[in-house]
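Let's take a friendly walk through this model together. Keep the viewer open and follow along.

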Amino acid sequence: MARSPRLSEAERKLWNAFPTGETVKLAPVAAAAGTTAGENAPKDGDTWGPDRTIRAEVIASLLLGARESAPGSVAAVRLHGARITGSLSILGGRVEHELQLRGCHLDEPVLLTATTTRTVRLIDCALPGFSGGGMRVAGHLSLSGSNITGTVRLGRAVFESGLWLGGTRLTADDVWALSAGSMVVESGATLRGADITGGVRLAGSRVNGDVNFEGAAIRNPGDYAIRADDMVVEGAVHFTRGFTATGCVRLRGVRVNGTLSVNGVLSSPDTAYALHASHMDVRELYLKPAMPIEGVVNLAYSRVGTLQDDPGTWPEKLRLNGLTYDRLRGSGVERRVEWVARDPEGFRPQPYEQLAAWHLRDGNDGLARRAQLAKLRARRRTQGPGQRAWGRLLDVTVGYGHRPWLAGVWFAVLLLAGTVAFGLNPPRPLKPDEAPVFDSFAYSFDLLLPLPTFGQREMFDPAGWTQGLAYGLIVAGWILATALIAGATRVLRPQ
């Protein structure tokens, strides 16, 4: 095709390079996410002159087939260090060529809504927004290192390869800095090292690889830092190595077939939850934040294969009602009863039952009994005065049936007290001619047993203060027997 006389010198270079896919470099490219000041800084690209300026319509024309590929070559737009004026807008079109812009300044947002295209790379660029809702990319979209002062919209977009926002700087002009609900990524998605002011929306998206937020910083205080309800990830999700989120990280209903790792910093004291991860289905949850999470953590009704955490980073407020897990890993096994007691809404029995069941599967009957005992003690605080009194009695005497040896201790103490007291102050025989030799031990034993065994109780009559002691031992014996039966019934009752 003949060269158009209406093209500037910079545009003619791009026009001529397109058929072979040659890269046109109008100036050296500045790095650092397009934020570094200087002659070649994309953020200051609005000051570049005509020798570095290309109209967006020229790029759009080339992408839509204004020129054909050279024989034996793959045509593409590859441009470095340019200022692009006007709107790069291809709405609902079909683009058969790759677009690569590096270190460029775009005056207006890129609009590729509902467009079918090949790989798009806007690397280390400065632009006021990107709209690609419903686009289909036969390759990947990369905005890595770019400085975007507006929203990136990728709702319902499909990427046959990956989505790369490594080191991208996003500053929202809306509540969402990245709006990518119902997106499909056939490979991985990375926001590694991204710096985002505003929320990230991934609700209903599907990623058939990993999702990497390693080192990313997301700030949206008082609202959602990340909202990813019902997202499906076939690989792993990483909130690791310097990741920080100010605002709620909402992962409700997420399904992760790999590991969900959280060891960054989560802070959201101004919202209901710092981490809302209820109703999840996760193969492995690694929850060891760099410091205790500031705000409520909700894992209610989630299903986790392996849960690994650390007592040093347990959140102060933790909702676990309905959470099920196959394995617990990490230190603090004996402190798990503290872990299940952190629900801000008060007592919930299911976390204790789940913990006891896991201890039994792990072969630790003692810790299982401790979990059950902790549950009953916590329940007691929610009951009326009468039930609380009876509960305390069961607790002190037999540990609600989980510590039956306590009844033996009480029995031994009372038996010793009776043996000494009646040995020093023997009761008088009711029938001196028929009474056996008095034995203070046997007599005290008879008083403590609901049914007399040694025949001493019926043959002797205490007097004075020992009479009150005798009555007290009889009552104590009945109480111990009743508590032991009640506790055993509670323990043996089917769960």
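**A tour in three stops**

Phe213 is buried, and Phe243 is buried as well (under 20% relative accessible area with a 1.4 Å probe and protein chains only; over 50% is exposed, and in between is partly exposed). Before going further, note that this is a predicted model, in which local features need pLDDT of at least 70 and side-chain atom pairs count only at pLDDT 80 or more, while totals for chains, interfaces and linings use all residues. Residues are numbered from 1 along each chain as its sequence is written, and side-chain values use heavy atoms, with hydrogens and water left out.

A pair of aromatic rings is described by the distance of the centres and the angle of the planes. The structure holds six such pairs (rings of Phe, Tyr and Trp, the last by its six-membered ring, with centres within 6.5 Å; planes under 30 degrees apart are stacked, over 60 edge-to-face, the rest tilted). Phe213 and Phe243 make an edge-to-face pair, at 6.1 Å centre to centre and 70° between the planes. Distant parts of the chain are linked here: Phe213 sits in the loop between β21 (211–212) and β22 (217–227), and Phe243, 30 residues apart from it, in the loop between β24 (237–239) and β25 (244–250). Together with Phe239, Phe213 and Phe243 form one aromatic cluster.

Next, look at strand β22, where you will find Tyr224 (strands are DSSP runs of E, at least two residues; helices are runs of H or I, at least four; both are numbered from the N terminus). Leaving aside residues up to four places away in sequence, Tyr224 touches Trp176, Gly199, Cys248 and Arg250 (contact means heavy atoms within 4.5 Å).

Now for the helices. The axes of α4 (residues 349–361) and α5 (residues 365–380) come within 7 Å and cross at roughly 170° (axes are lines fitted to C-alpha atoms, for helices over the stretch in contact, with angles from 0 to 180 degrees between N-to-C directions). That makes α4 roughly antiparallel to α5 (over 145 degrees; under 35 is roughly parallel, 65 to 115 roughly perpendicular, the rest oblique). Residues making this contact include Tyr352 and Leu355 of α4, and Leu367 and Ala371 of α5.

Within α4, the buried residues are Pro351, Tyr352, Gln354, Leu355, Ala356, Trp358 and His359. The buried residues of α4 pack against β33 (324–329), α3 (336–339) and α5. After α4 comes Gly363, with a positive phi near 80°.
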